[in-house]
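Grab a pencil and work through these short exercises with the model open beside you. Each one has a task, then a solution in steps.

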Amino acid sequence: MTQLNDSPIITVERRKAITIIVASVILSLALGGGLMKVGSGFASRSSDGITVTGSAKTTATADNAVWILNVSLSSPTVATAVKKVDADVAALSEYLTKGGIPAEGLTLGAVSTFANEEYSNGNATGRILSYRASREVTVRSKDVQLISKLSQGIGSLLATGINANNYGPQYYISNLPELRPQLMSEAMKDAKVRAEALTKAVGGSIGALVNVKAGPIQITTPDSTMTADYGAYDTTTIEKTVTATVSVTFKS
């Protein structure tokens, strides 16, 4: 007997069937591997435990002040500009020392000068219109209340024609190194309380400490909600709020 060969149509159908079967097997393997990876990812995440943020804050009073004033004015000649600046600096220094700042609390900077050139259509003409001279007076004191009083009353001196730029004193706290560890400790306790409350609500409990990440210290005005990624340090007020945060992970 002579065996008949498969027709071209049957051969094509068989190839399609084999292709479908192979594709199904590959898809099943891929899905199985994918599900195994997804399951592993969830398990890894859950094994990390619970992460919470704890915070602590306290009030602090500045005990150090730095006040920088800049005397600046213009005159047709360099010599005149420098003389006027020196006269204004002398008057400013007298106001400060009579107000209670000791002479050693004042630091006088060097006199700086520059020419104000004339420009026409964006080009210098070579003609000098005037000369500007300036000099900084820096006041440093631990009597922050005195500095505050003098800065508020300096308007009477400026009203006499003294050309001093006043940007206001800056107030600092010197005990920050002592406050920082205390606040971090309180923030850690707060984080533990929060973690226990969260896990207890679902019938669980926290385990050992896994990881701690301290956030930057935020020194702000009282009742401020201002924060900064790298920490904040407001220097405009004497009374301040100091806040510390920590991110803590516990096993669950």
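**Exercise 1.** Work out whether glutamate 186 is buried, partly exposed or exposed in this predicted model, then find the residue whose side chain meets glutamate 186 in a salt bridge.

*Solution.* Start with the number: glutamate 186 has a relative accessibility of 41%. Partly exposed covers the range between 20% and 50%, so glutamate 186 counts as partly exposed. Next, look for the partner: the side chain of lysine 189 meets that of glutamate 186, at 3.7 Å from N to O. Lysine 189 is partly exposed too, at 49%. Finally, place the two: they sit three residues apart in helix H5, so about one helical turn separates them.

**Exercise 2.** Find the salt-bridge partner of glutamate 94 and say how exposed lysine 98 is.

*Solution.* The partner is lysine 98, with the closest N and O atoms 2.9 Å apart. Both belong to helix H2, four residues apart, which means about one helical turn lies between them. Now check exposure: glutamate 94 is partly exposed at 40%, while lysine 98 has 67%. Exposed starts over 50%, so lysine 98 is exposed.

**Exercise 3.** Which parts of the chain does the salt bridge between arginine 135 and aspartate 86 link?

*Solution.* First, the contact: their side chains meet at 3.4 Å, N to O. Then the places: arginine 135 is in strand E5 and aspartate 86 in helix H2, so the pair links distant parts of the chain, 49 residues apart. Aspartate 86 is partly exposed, at 34%.

Terms used. Residues are numbered from 1 along each chain as its sequence is written. This is a predicted model: local features need pLDDT of at least 70, side-chain atom pairs count only at pLDDT 80 or more; totals for chains, interfaces and linings use all residues. Side-chain values use heavy atoms; hydrogens and water are left out. A salt bridge is a side-chain nitrogen of Lys or Arg within 4 Å of a carboxyl oxygen of Asp or Glu. Buried means under 20% relative accessible area, exposed over 50%, partly exposed in between (1.4 Å probe, protein chains only).
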